[in-house]
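Here are my comments on the model you sent, set out as numbered points so that each can be checked against the coordinates.

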Amino acid sequence: MGELAAVVLTGLSLAFWAGLIGFRGRFWRADQRLPDTPPDVEDWPGVVCVIPARNEAQTIAGTVGSLIDQDYPGPVSVIVVDDNSDDGTAAAAASGAAGAEDRLTVVTGRALPPGWSGKLWAVSQGLLTADERYPEAPYVLLTDADIMHDRESLRRLAAKAESDGLDLVSLMVLLRCESFWERFLIPAFVFFFQKLFPLPWVNDPSRSTAAAAGGCMLVRRSALTKAGGVAAIRDRLIDDCALAAEIKQRGAIWLGLTTRVRSERRYNSLSEIWHMVSRTAFEQLGNSPFLLVGTVAGMGLAYLVPPLAGLGLLGGGWVVAAAGLIAWWGLMGFSYSPTLKLYGLSMGWGLMLPLAAALFTLMTVSSALRYWLGRGSAWKGRHYGAGTVPHG
């Protein structure tokens, strides 16, 4: 590569990282957290927990049990929608509420109608059951069947919503990070999410940026009704962020990180993470080829140029190499370190962020190729055609 081109590319990459750290809402700090000791609330509101579940027998008993066992002063009830499972999900859910069966309702899911995603159709049935059985509860907790809530989870969520007048309080739960591939890719996934949706901007009512994490969302029911319910987003595959956008148009939302609420879903292989990301990655880009090209170019500039320059592979002499090392070991590593700390990982994993970025870029390209070839993707035994939601 010519010396001038190496200097320009490395300079742009260095400027990119400086701009991210200085002007992207300080997303990299990973400091949006609920207080460990929530403030007291004079009248604790009732909460209905809705769990859509399709073939989740391995984890759902723990999820139900963690909600039944909440240290929460107000009334708590749990609704599980068994979305046509064939692995004993309903029985496993019931076992999680042993001794408190009156607080659990298991709904047998109806056939998926055209135009709905499977998860949102299950959520819709759970919300309908909540309207029938617990119409007085001001909040619903939308959570997944692999999420384990610590005993004060609802207390912290409800206190935040009540004290700050929020219509949505969501947590990006601590994802499992034990296998090699989880350690390599999961913190990077969380880092990229924060970069795409800076949490301080999400939590700023004056900004339009909206996002949520579907594993844990406490929603004010009146706000959900004003937003048109989940029917308003019934065909959206990235449903959590879509719901957050609908609610923020009318009220305030908050999204943060936690180490106390965690996911038990395992990703032991690269293929499992690849499948998880590629099923919605191109959807995140609006299925736009232009945004795909821009994303690939931007990821290359941000994550590949610094290590290539720092290792002397771009040429350009010591100036280019020094700039590359500053961008790679300095700014990139510095910005990634709070997320690594969140997951209890050493800074050494930060040096591998360019490789993780390359893999996520390939996952996005794979997602686009599946879309263009009309192959869509599969999730929980349902097949997503290109540009459509599953119909059965």
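The points below take up confidence, the sheet, one helix and the internal cavities.

1. Confidence. This is a predicted model, and its mean pLDDT is 93, with 95% of the residues reaching 70 or more. The stretch to set aside is residues 386–392, where pLDDT stays under 50, although the model has 23 contacts there beyond four places in sequence. Where pLDDT is low, the predicted coordinates should not be read in detail.

2. The sheet as a whole. Eight strands form an open sheet in the order 3-2-1-4-7-6-8-5, and the pairing is mixed. Strand 3 and strand 5 are at the edges and have a single partner strand each, so one side of each is left without a neighbour in the sheet.

3. Pairing around strand 4. On one side, strand 4 pairs with strand 1 in the parallel sense over four bridges, and Val47 stands opposite Tyr139 of strand 4. Strand 4 also pairs with strand 7, here in the antiparallel sense and over five bridges, with Leu142 placed opposite Met217 of strand 7.

4. Strand 7. This strand, residues 216–220, is mostly covered, since five of its five residues are buried. Cys216, Leu218 and Arg220 point one way from the strand, while Met217 and Val219 point the other way, and all are buried; a reader checking side chains should note that the buried set includes Arg220. Strand 7 is also joined to strand 6 (residues 168–174), which runs antiparallel to it, by three bridges, and Val169 has Leu218 as its bridge partner in strand 7.

5. Helix 2. In this helix, which covers residues 60–68, the buried residues are Ile60, Thr63, Val64, Ser66, Leu67 and Ile68. They pack against strand 1, strand 2 (76–82), strand 3 (104–108), strand 4 and strand 5 (147–148), and also against helix 3 (89–96).

6. The largest cavity. The count comes to two cavities of 30 Å³ or more, and the largest of them has a volume of about 100 Å³. Which residues lie nearest its centre? They are Lys119, Val123, Leu142, Met217 and Asp239, out of 14 residues that line the cavity. Leu142 and Met217 are thus found both in this lining and opposite each other in the pairing of strand 4 with strand 7. At least two lining residues come from each of strand 1 (47–53), helix 4 (118–133), strand 4 (139–143) and helix 9 (239–248), and helix 4 gives the most, with three residues. By class, the lining holds nine nonpolar, two polar and three charged residues.

7. The second largest cavity. This one has a volume of about 30 Å³, and the residues lining it are Arg183, Phe184, Tyr336, Leu340, Trp349, Met352, Leu353 and Ala356. Helix 6 (180–196), helix 13 (317–342) and helix 14 (353–372) each supply at least two residues of this lining. Seven of the lining residues are nonpolar and one is charged, with no polar residue in the lining.

Note on methods
Residues numbered from 1 in each chain as written. Predicted model: local features only at pLDDT ≥ 70, side-chain atom pairs only at ≥ 80, totals over all residues. Heavy atoms only, no water. 1 Å grid on protein atoms, 1.4 Å probe; cavity = no way out; pocket = protein on both sides within 12 Å on 5 of 7 lines; lining within 4 Å. Points joined across faces, edges and corners; volume = space filled by probe spheres on them. Nonpolar A, V, L, I, M, F, W, Y, C, P; charged D, E, K, R; others polar. Buried < 20%, exposed > 50% of the residue type's maximum accessible area, 1.4 Å probe, protein only. Contact = heavy atoms within 4.5 Å. pLDDT = per-residue confidence, 0-100. Pairing = 2+ DSSP bridges.
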